[in-house]
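Biologist: I am new to this structure and would like to learn how to read it feature by feature. Could we look at it together, beginning with the strands and ending with the way the chains meet?

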There are 2 protein chains.
Amino acid sequence: MTTPSSPILDVHTNATRRHFLAKALAVGGSGFLLANMKAWGMDLASTRDAPPALAGSGKGKTVVILGAGLAGMTAAYEMSKLGYTCKVIEARPFAGGRCQTARAGSVLEELGGEKQVCGFERGQYINFGPWRIPFNHRSTLHYTSSFGVPLELFNNDNDAAYVYNDNAAGALRGRRLRQFEVKADMRGYVDELLAKSLQSGAIDSQVNGADKQLLIDYLVNEGYLSKKDLRYRGTEGRGFKVNPGAGMAPGPGVPSDPLGFSDLLQSKLGHIYHSVHEFTQQSTMLQPVGGMDAIARAFEKRVGRMIRYNTEVTSLRNRSDGVEVGVKDLKTGAVSVVKGDFCLCTLPLSVLRQVDTDFSPTFKAALQGAAYAPVCKIGLQMGRRFWEEDDGIYGGHVFTDTKGINLISLPSSNWQGKRGTLLGFYSFGGDAAELSGLTLKERAEYAVAAGEKIFPGQYRKNFETAFSVAWHRVKYNLGGWAEWSEEAREKAYPVLVAGEQRTLLAGEHMSYLGGWQAGAIESAWQQMALIHQRLSSQGAAA
Amino acid sequence: MTTPSSPILDVHTNATRRHFLAKALAVGGSGFLLANMKAWGMDLASTRDAPPALAGSGKGKTVVILGAGLAGMTAAYEMSKLGYTCKVIEARPFAGGRCQTARAGSVLEELGGEKQVCGFERGQYINFGPWRIPFNHRSTLHYTSSFGVPLELFNNDNDAAYVYNDNAAGALRGRRLRQFEVKADMRGYVDELLAKSLQSGAIDSQVNGADKQLLIDYLVNEGYLSKKDLRYRGTEGRGFKVNPGAGMAPGPGVPSDPLGFSDLLQSKLGHIYHSVHEFTQQSTMLQPVGGMDAIARAFEKRVGRMIRYNTEVTSLRNRSDGVEVGVKDLKTGAVSVVKGDFCLCTLPLSVLRQVDTDFSPTFKAALQGAAYAPVCKIGLQMGRRFWEEDDGIYGGHVFTDTKGINLISLPSSNWQGKRGTLLGFYSFGGDAAELSGLTLKERAEYAVAAGEKIFPGQYRKNFETAFSVAWHRVKYNLGGWAEWSEEAREKAYPVLVAGEQRTLLAGEHMSYLGGWQAGAIESAWQQMALIHQRLSSQGAAA
């Protein structure tokens with residue numbers, strides 16, 4: 001593998017930045033949206049806080065739901081409550097889609113790959129699909145609340161975790177730093193520079209007189225500048241050389257020295273920081289206790305009886321009076337046709353593209369619009385939680401620019417326990433494609449070697465067993481999530497959202513919360529409301 | 001109560017800033033400290049990570065320990081392992097000192113106050129003493145680990161929580177804002193101002209040419225500035241008008257508009273932010289599952305048999321061959337003398353000052369050196385977790401400048417549960433002194449009225465029952481913690497740390513981690529090592 005030319009890959013923001021830019025292309029403003037939502041009988045809150053409150057009944061009508069992931073199960077759960085007969089077709093022997101957790105005995109076989117059986121100890125697990133729930137994903141939290149899925153905090157921000165950049169320019173290359181060192185010093189120096197510039201009068205034209213002193217006060221406070229000379233000389237929050245403690249020694253402790261401003265700038269390490277996280281990365285984050293698949297299991301408990309497992313979708317036909325879905329029983333090989341009044345297809349577009357359908361050429365072309373992200377993850381079970389015991393790092397992410405690693409994420413559960421399972425890499429795009437070509441053993445070795453540089457003497461020594469996934473090589477997923485170019489969002493996406501004849505699509509790919517469970521759930525809420533509207537008006541007309 | 005003249009009281013930093021300043025007065029640098037610590041046979045790590053590894057035995061020797069708080073119990077636990085006979089004198093019928101948790105049935109009677117019996121529902125509690133453990137308090141975490149006290153994350157940083165400032169100047173007075181709005185906008189505008197100043201060449205003299213573009217790049221990235229014109233126009237992380245979601249509407253959502261820069265500056269709301277937290281406020285923070293007193297109980301389980309409960313210390317005499325502590329049994333009124341080879345006194349100075357001792361005039365004068373902080377807290381049990389359900393605030397602190405309130409802290413446990421108990425105020429100094437003059441009912445009413453302004457329609461409606469404490473009115477504490485002026489740190493503190501004759505002092509007051517459990521523990525570690533050294537050399541001489 002070659003050295004990437006970019007500084008640390010900002011894994012927090014790449015995906016959502018694209019999304020933010022895409023907004024510029026969206027038609028209309030809030031007035032437009034409000035009008036549309038009113039037209040659907042949905043108010044603002046209901047689109048994200050709770051399922052739409054639908055009047056009427058679905059009694060006597062059948063909806064064929066393709067895929068028992070979170071979108072499919074959401075629709076089955078809500079529509080069956082309305083009286084609909086829901087037939088859910090699922091190729092796998094279990095429900096949940098990408099909402100999976102690997103623990104002892106979990107099996108995964110990638111396309112063309114080895115059969116992997118998870119060898120973790122009891123109690124250890126890795127969420128190799130979705131792994132965190134931001135506070136603003138009200139829809140996901142609606143179901144954890146409704147279903148009584150116990151939650152705990154997920155530490156998505158830990159400034160005490162390290163940043164280690166092997167390819168940085170200048171003096172900080174290959175230096176392991178606490179993130180709070182970088183943060184304190186960057187802001188300190190920046191605040192010093194601006195405060196002095198203000199005081200010198202050099203930029204008086206840019207600030208009105210009344211605000212000038214208020215701004216200097218703000219900068220002094222924020223950056224821990226000396227009130228006297230506006231200089232930044234370090235601050236205790238960047239860590240001590242000797243921590244404060246008892247008595248006279250260590251007593252107040254010994255302050256640490258700030259890094260050099262020029263060194264920091266050259267290293268570009270400051271790029272891991274933003275004023276605030278982007279929307280989907282905002283804290284507080286939560287996770288189900290014991291593994292994300294608790295959400296899948298909670299849904300499955302309620303809709304499992306509607307699911308035909310081990311059943312692959314082979315064809316889809318829209319008829320004037322309903323839909324016909326050709327399916328194949330993967331255990332017996334038997335083929336049959338499942339009929340219904342309407343179809344809600346939640347298959348990833350990457351999978352749906354391979355199904356024999358009667359969609360129009362326009363719709364079929366639109367199906368090609370989204371790229372599917374190559375994504376690799378690996379869980380590494382460690383025999384000792386050295387990151388807590390030796391380094392005082394309790395959860396959060398260690399950032400690195402080692403190709404394909406991006407971050408090492410420490411577990412947010414079982415604090416001070418004996419073992420711990422960390423996320424050894426979270427890899428995207430070309431790097432993920434490369435990584436996925438390695439054998440399972442090679443992937444683990446690659447991850448361990450990268451971690452050993454950051455936790456020398458401990459990472460390799462404590463490594464016990466790994467579980468890895470390359471989502472683009474997982475049958476029935478063929479990618480981590482849909483990625484929309486600006487052009488595709490503008491052209492293909494609306495075509496797909498509108499659906500065709502008696503089929504509507506749902507899933508994270510039919511949302512602007514791509515790759516998130518909330519996207520799947522909210523998309524299901526929206527499309528099931530439309531199906532209900534369509535079938536209700538049809539009923540009224542009949 | 002009158003309106004305070006200050007902006008939002010920065011409760012994060014007032015105490016620790018004083019401590020940081022005090023460092024300037026401390027003698028010597030790290031060389032000095034290292035030498036001292038080596039002289040004690042302690043290396044750097046051991047002063048905070050684990051108890052000192054002491055050689056030899058305490059067999060046949062008795063240490064009288066005054067107070068069964070965390071300092072006293074730490075010493076009893078570690079010294080008894082060395083073979084010492086430890087006699088712990090505790091005035092209360094239970095151990096733990098300030099490490100207390102109120103739950104159903106807990107009783108508290110302040111000096112001159114009403115008898116308070118906690119009426120919380122089962123499972124509800126408030127940590128009205130210590131309530132959080134920062135990751136860098138290795139000593140506290142040493143014992144939670146050793147004793148197997150289950151921990152969970154404590155959310156000390158939640159940018160989604162509100163800030164509400166009733167006394168702000170300008171347009172933002174009395175406006176409830178999410179903290180991330182303030183944070184994003186302040187940094188955005190500040191970054192824009194500096195980026196434009198750099199680009200204009202106005203401050204070329206301050207930045208070397210090679211760094212200039214790197215700095216602009218950093219500012220653009222951090223502040224979400226437009227690359228094109230370096231302007232800040234808001235960012236998604238400051239919240240949306242309509243959140244992004246499924247389909248075409250809400251689809252990408254509707255961005256929100258930034259607050260005005262001048263309004264923000266005038267309001268001084270930006271003062272809630274620093275580049276990084278100060279040392280003791282740094283995340284990650286943890287808490288014992290079910291209440292902080294789990295730590296006290298874990299110690300008590302191991303040293304309870306050494307504790308004489310309900311026994312008040314009335315006098316302390318240092319003899320040439322040992323100590324004599326006069327005590328009174330609070331149940332029978334019987335007085336007696338407890339003898340030992342050495343005394344470790346962990347009573348708060350505010351309490352020790354009232355004991356009849358034979359300390360020298362110099363030592364007695366030093367005992368007067370620390371002020372004891374008036375501190376009030378109140379737990380409010382709410383029938384519904386409206387802050388989670390309605391506002392999406394999962395833990396963290398709502399900041400307000402309402403006199404004596406400072407913050408409303410939301411619980412970091414039992415997520416999405418039925419009830420929740422929040423901290424309704426955390427009050428210091430003069431405000432706390434005023435608040436403590438109210439009746440229990442009036443305190444609750446004051447807290448509820450303040451919260452109702454921030455969560456209108458919900459706070460009062462859901463309030464069920466309260467439990468409050470004014471630590472300066474609690475017998476055997478007489479204050480929240482020791483507060484050292486710079487002068488007292490320089491003059492009185494070293495005298496007290498050195499102890500006198502056969503008595504040494506320990507507790508948070510004998511540390512630079514004032515008010516924290518880690519201060520008590522590390523102080524005990526340090527002083528017990530000295531006692532061991534003194535008694536060992538004495539033994540060798542005999």
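Biologist: Let me start with a small detail of strand pairing: which residue stands opposite B:Glu324 in β15(B)?

Modeller: Please keep in mind throughout that this is a predicted model. As a general idea, strands of a sheet pair through backbone hydrogen bonds, either parallel or antiparallel. In this case, B:Glu324 stands opposite B:Lys339 in β15(B), and this pair belongs to the antiparallel pairing of β14(B) with strand β15 (residues 335-340) of chain B, which extends over six bridges.

Biologist: How many residues lie between β14(B) and β15(B) in their hairpin?

Modeller: There are five residues between these two strands, and B:Gly333 in the turn has a positive phi of about 80°. Another hairpin joins β13(B) to β14(B), and there the connection runs through two residues.

Biologist: In which sense do β13(B) and β14(B) run, and how many bridges join them?

Modeller: Strand β13 (residues 311-319) of chain B and strand β14 (residues 322-329) of chain B run antiparallel, joined by eight bridges. To follow the pairing residue by residue, you can take B:Arg319, whose bridge partner in β14(B) is B:Gly322, and then B:Leu316, whose partner in β14(B) is B:Val325.

Biologist: Which residue of β17(B) is the bridge partner of B:Leu316?

Modeller: B:Leu316 has B:Thr357 as its bridge partner in β17(B), in addition to B:Val325 in β14(B). The pairing of β13(B) with strand β17 (residues 356-357) of chain B is in the parallel sense and consists of two bridges.

Biologist: What is the order of the strands in the open sheet of five strands in chain B?

Modeller: The order is β12-β2-β1-β16-β25, and the pairing is parallel. At the edges of this sheet are β12 (307-308) and β25 (503-505) of chain B, each of which pairs on one side only. At one edge, strand β2 (residues 85-89) of chain B is joined to β12(B) by two bridges, with the strands running parallel, and B:Val88 stands opposite B:Ile307 in β12(B).

Biologist: Turning to helices, at what angle do α3 and α8 of chain B pack?

Modeller: Helix α3 (residues 70-81) and helix α8 (residues 293-303) of chain B pack at an angle of about 40°, and their axes are 10 Å apart. The two helices are therefore oblique to each other, and their crossing is left-handed. On the α3(B) side the contact includes B:Leu70 and B:Met73, while on the α8(B) side B:Phe299 and B:Val303 are among the residues met. By class, this contact has six nonpolar, one polar and two charged residues.

Biologist: Finally, how many residues of chain A are in contact with chain B?

Modeller: In general, the size of an interface is often given as the accessible area lost when the parts come together. Here we can count residues instead: 100 residues of chain A are in contact with 100 residues of chain B. Helix α5 (residues 179-200) of chain A provides the largest share of the chain A side, with ten residues, and by class that side has 43 nonpolar, 41 polar and 16 charged residues.

Biologist: What rotation superposes chain A on chain B?

Modeller: A rotation of 180° does so, with 0.0 Å of shift along its axis and an RMSD of 0.0 Å. The two copies are thus related as by a two-fold rotation axis. Moreover, 100% of the interface residues of chain A are also interface residues in chain B, so the copies meet through the same surface.

Definitions and conventions. Residues are numbered from 1 along each chain as its sequence is written. Chains are lettered from A and ligands numbered from 1 in the order in which they are written. This is a predicted model: local features need pLDDT of at least 70, side-chain atom pairs count only at pLDDT 80 or more; totals for chains, interfaces and linings use all residues. Two residues are in contact if their C-beta atoms, placed from the backbone, lie within 7 Å. Helices (H or I, at least four residues) and strands (E, at least two) are DSSP runs, numbered from the N terminus. Ala, Val, Leu, Ile, Met, Phe, Trp, Tyr, Cys and Pro count as nonpolar, Asp, Glu, Lys and Arg as charged, and the others, Gly among them, as polar. Copies are superposed by least squares on the C-alpha atoms of residues with pLDDT of at least 70 in both. Axes are lines fitted to C-alpha atoms, for helices over the stretch in contact, and angles run from 0 to 180 degrees between N-to-C directions. Angles under 35 degrees count as roughly parallel, over 145 as roughly antiparallel, 65 to 115 as roughly perpendicular and the rest as oblique. A crossing is left-handed if the near helix is turned anticlockwise from the far one by less than a right angle, and right-handed if clockwise. Two strands pair if DSSP finds at least two bridges between them.
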